[in-house]
Amino acid sequence: MYILGIETSCDDTAAALVTQRGGRFVVERSCVSSQIDIHKIYGGVVPEIAGRKHADSIIPVIREALGNTRPDAIAVTAGPGLVTSLVVGVEAARALSYAWGGVPIVRTNHIEGHIYSTLLGDTAPTEIIFPAMALIVSGGHTELILMRGHGDYTLIGRTRDDAVGECFDKAAKVMGLEYPGGPKISKLALEGKRDAIAFPRPMKTSDDFDFSFAGLKTSVLYYLRDNPTANHADVCASFEQAVTDVLVAKTVRAAQEYNAASVILSGGVSANRYLREGLRAALVRELPECAVLIPELQYTTDNAAMIAAAGWFHAQNKDYTPWSAITADPAWELVN
Ligand code: KG4
Ligand code: ZN
């Protein structure tokens, strides 16, 4: 079976052709057309522009991903995300399904896609070992989700205000770094001292599994206001240390409390090397039996191969939506 993934939830137009061989996912082609050069002029994603650019790019990107293959199913992101962006992918899937005589569509959740991104690539494991504790960290989400099986999700904790990626992007903006700020902060952090500034570790020791990052963002803002000649590399390194301390501490504790057999780290912020290494090291120390699943770097940020992988499991159960009934849902939460 070949599955075509389509992803247009934010500012990347993506399509991928994925199959399985010998029980592991094979990504035949994964194509991503990024809009960052346009949105960085405005310091963030402008929804109307994103929708228009998706409309320009969607057919060429799908054509490149398909090559000469007619897929057996289409997995498309239906939410969560920007509605002006989502509808472009959903309408493309609808049109293709209709034109191809009813090729089935899997209506796929973007966050579920990030979870399954850990099964992509040559070095990836072939399966998720359950129960799994998943930390999803992206521009719009920061969540701890317990997974007891495919499609079986329980929300353990989430951010009460800003998402981690949003916090990286906003902290970067006050330092004059371009959108998206996450990669720029982590690069600059390599030259700074991680203990130079004592930024807060919000909710690190709270007795729940929720997060809060708005206060940390404000601390960076105030620190720079009060110390205009501050060394930005030190600010970046100290900020990255504070974020990592909170995320690692809570994830390890959640994995212990729920007897997780594996821990998943995914979403755009999982591209952060310091976080990847910090979580891995803490788990080796505290929970040596626990498997750690972190996507290959190329699959950390938004892509369509992860949507195809998540859709694959639904396709096994014939969990399809007819082309005439599919809709985008910008507020679709994987778990509530
Ligand atoms: O998952 P994603 O591509 O899009 C959403 O679904 O939001 O995540 C994008 C987010 C942005 O906030 C970006 O700054 C952040 O991921 N990000 C990083 C890094 N690379 C991307 N944050 C920290 N360190 C990185 N290396
Ligand atoms: Zn994402």
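**Exercise 1. Determine which residue follows helix 10 and what sign its phi has.**

Solution. Helix 10 is followed by Lys 318, and the phi of Lys 318 is positive, near 55°. Helices here are DSSP runs (H or I, at least four residues) and strands likewise (E, at least two), both numbered from the N terminus. The model is predicted, so that local features need pLDDT of at least 70 and side-chain atom pairs count only at pLDDT 80 or more, while totals for chains, interfaces and linings use all residues. Residues are numbered from 1 along each chain as its sequence is written, chains are lettered from A and ligands numbered from 1 in the order in which they are written, and side-chain values use heavy atoms, with hydrogens and water left out.

**Exercise 2. Establish how helix 10 spans and how far it is enclosed.**

Solution. Step one: helix 10 comprises the twelve residues 305-316 and reaches 17 Å from first to last C-alpha, close to the 16 Å expected; the expected span is 1.5 Å times one less than the number of residues. Step two: eleven of the twelve residues are buried, so helix 10 is largely enclosed by the rest of the structure. Buried means under 20% relative accessible area, exposed over 50%, and partly exposed in between (1.4 Å probe, protein chains only). Among the buried residues are Met 306, Trp 312, Phe 313 and His 314. Step three: their cover includes strand 1 (3-7), strand 3 (24-34), strand 5 (105-109) and helix 4.

**Exercise 3. Assign the two faces of helix 9.**

Solution. Step one: the buried residues of helix 9 are Leu 275, Arg 276, Leu 279, Ala 282 and Leu 283. Step two: viewed down the helix axis, these residues fall within an arc of 145°, so they line one face; the arc is that of the directions from the helix axis to the C-beta atoms. Step three: the face turned away from the buried side carries the exposed Arg 273, Glu 277, Val 284 and Arg 285. Step four: the buried residues pack against strand 6 (132-137), helix 8 (232-257), strand 9 (262-266) and strand 10 (291-293), where contact means heavy atoms within 4.5 Å.

**Exercise 4. Identify what Asn 272 approaches.**

Solution. Step one: Asn 272 caps the N-terminal end of helix 9, with a side-chain oxygen 3.1 Å from the backbone nitrogen of Tyr 274. Step two: a polar side-chain atom of Asn 272 also lies 3.0 Å from a nitrogen atom of ligand 1. Step three: taken alone, ligand 1 exposes 560 Å², of which the protein buries 88% (Shrake-Rupley method, 1.4 Å probe).

Conventions: A polar contact is a pair of N or O atoms within 3.5 Å; within protein, one must be able to donate a hydrogen and the other to accept it, and residues adjacent in sequence count only if both atoms are side-chain atoms.
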